[in-house]
Amino acid sequence: MSAVKLEEFRERIRKELDTTVDFWLQHSHDPLHGGFFTCLGRDGEVYDELKYVWLQGRQVWMYCRLYRTMDRFHRPEILEAAKAGGAFLRKFTRVPGAGSGPWKCAFSLTRDGKAVKIQRTIFSECFYILAMDELSRVTGDKGMQLEAEQMMEQLISWVREDPAGLGRPQLPGDVPTNKVVQKYTELVSWCVQQILQHIQRGGTAILENVSVDGAELPGCQGRLQNPGHALEAGWFLLQVSAQQKDEALQRTAIDKFMELPYQNGWDKEHGGLFYFLDVDGHCPTQLEWNMKLWWPHCEALIAFLMAYSHTREPALLHRFSEVFEYTFKHFPDAQKGEWFGYLTQEGKVALDFKGGPFKGFFHVPRCLYMCERILDDMLANKD
């Protein structure tokens with residue numbers, strides 16, 4: 001594929017990133033209480049004032065990353081928005097943990113910061129950590145960095161040692177499953193091994209849930225596949241393989257975590273990636289299994305473009321092009337800006353809001369940001 005085509009990809013991606021950033025800058029900020037609204041209708045109107053902590057953290061992280069690494073986003077209003085979001089998180093997010101355990105992060109808050117719900121998961125904490133870490137980089141606030149490191153140590157303890165602090169005691173009928181989280185550099189090898197355990201069926205399938213020993217689980221839970229998560233894990237592994245110069249891991253990332261979910265998950269009739277699959281071909285029990293959601297396509301774009309940039313294998317660029325054509329034809333809203341998140345199997349808009357409890361300022365801008373930077377590097381080194 002010619003450099004001209006890569007330039008065309010980059011130009012479309014660049015314009016879409018600018019539009020997405022402007023949409024959230026215009027519609028999501030709460031000038032009264034701080035933080036961000038994420039429940040935004042098609043035109044950006046706020047339809048629910050609940051604030052979801054993992055999405056607050058993601059938006060702070062994304063603003064800071066754009067501000068810090070892209071000249072055109074090194075703008076005062078972006079930095080001030082990130083700082084205001086960080087202040088809201090620090091003031092309201094932390095709530096007492098289970099029993100005598102350490103504090104946790106709430107999952108959702110009222111507009112003025114009162115805790116509404118706590119989940120027995122680590123999603124809020126993960127993105128609180130990422131927000132504090134990235135915000136400390138642009139502000140120089142060492143207290144934020146220390147806070148992020150302390151919370152990270154607690155998160156590691158919950159995941160690797162004792163989940164009781166999450167309010168999740170081990171129940172006799174509950175089979176432990178293997179969940180992967182971001183960890184410090186020294187824990188990368190452990191993290192990689194956890195991901196690789198999801199390669200099952202003699203290397204022919206990536207399963208969403210496996211036991212802590214890396215075995216397939218029984219029933220629907222064990223047969224479940226999520227192409228988006230597999231693709232996302234693929235580019236995580238690809239980054240590690242590049243850092244460690246591990247060609248075998250690179251090959252596994254591409255062949256198992258990209259090609260397999262793409263081959264099995266791509267809808268050959270209507271295009272796009274299915275949300276869930278059953279490895280044995282049964283109908284998944286998730287009602288939305290055959291819908292086309294925004295974020296798996298974002299992960300596929302990152303995965304295949306990154307894989308091509310590392311290998312220059314034409315088939316990988318062809319995959320990227322296929323996903324690109326489907327994604328940019330169906331998800332962006334040319335009239336109101338930003339992307340629709342939820343399509344029917346046939347590719348028609350099912351839900352027209354731009355943000356909600358699960359869709360915020362993260363997957364779309366992260367994808368566009370990463371793809372633009374990858375294309376910048378490839379075009380700069382095309383000779």
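So, strand 13, residues 342-343, is joined to strand 14 by two bridges, and the two run antiparallel. When I say strand, I mean a DSSP run of E with at least two residues, and a helix is a run of H or I with at least four, numbered from the N terminus. Two strands pair if DSSP finds at least two bridges between them. Across this pairing, Leu343 stands opposite Val349 in strand 14.

Before I go on: this is a predicted model, where local features need pLDDT of at least 70, side-chain atom pairs count only at pLDDT 80 or more, and totals for chains, interfaces and linings use all residues. Residues are numbered from 1 along each chain as its sequence is written, and side-chain values use heavy atoms, with hydrogens and water left out.

Okay, back to the sheet. It's open, with three strands in the order 12-13-14 and antiparallel pairing. Strand 12 (292-293) and strand 14 (349-351) are at the edges with a single partner strand each, so each has one side without a neighbour in the sheet.

Next, the core. The largest nonpolar core (buried Ala, Val, Leu, Ile, Met, Phe, Trp, Tyr and Cys joined through side-chain atoms within 4.5 Å; buried is under 20% relative accessible area, 1.4 Å probe, protein chains only) has 114 residues, and Tyr63, Leu66, Met258, Phe304 and Phe320 touch the most other members. Helix 10, residues 294-311, gives this core its largest share, twelve residues.

Last one: Glu16, in helix 1, residues 3-27. Buried or exposed? Glu16 is buried, at 8% relative accessible area.

Definitions and conventions. Buried < 20%, exposed > 50% of the residue type's maximum accessible area, 1.4 Å probe, protein only.
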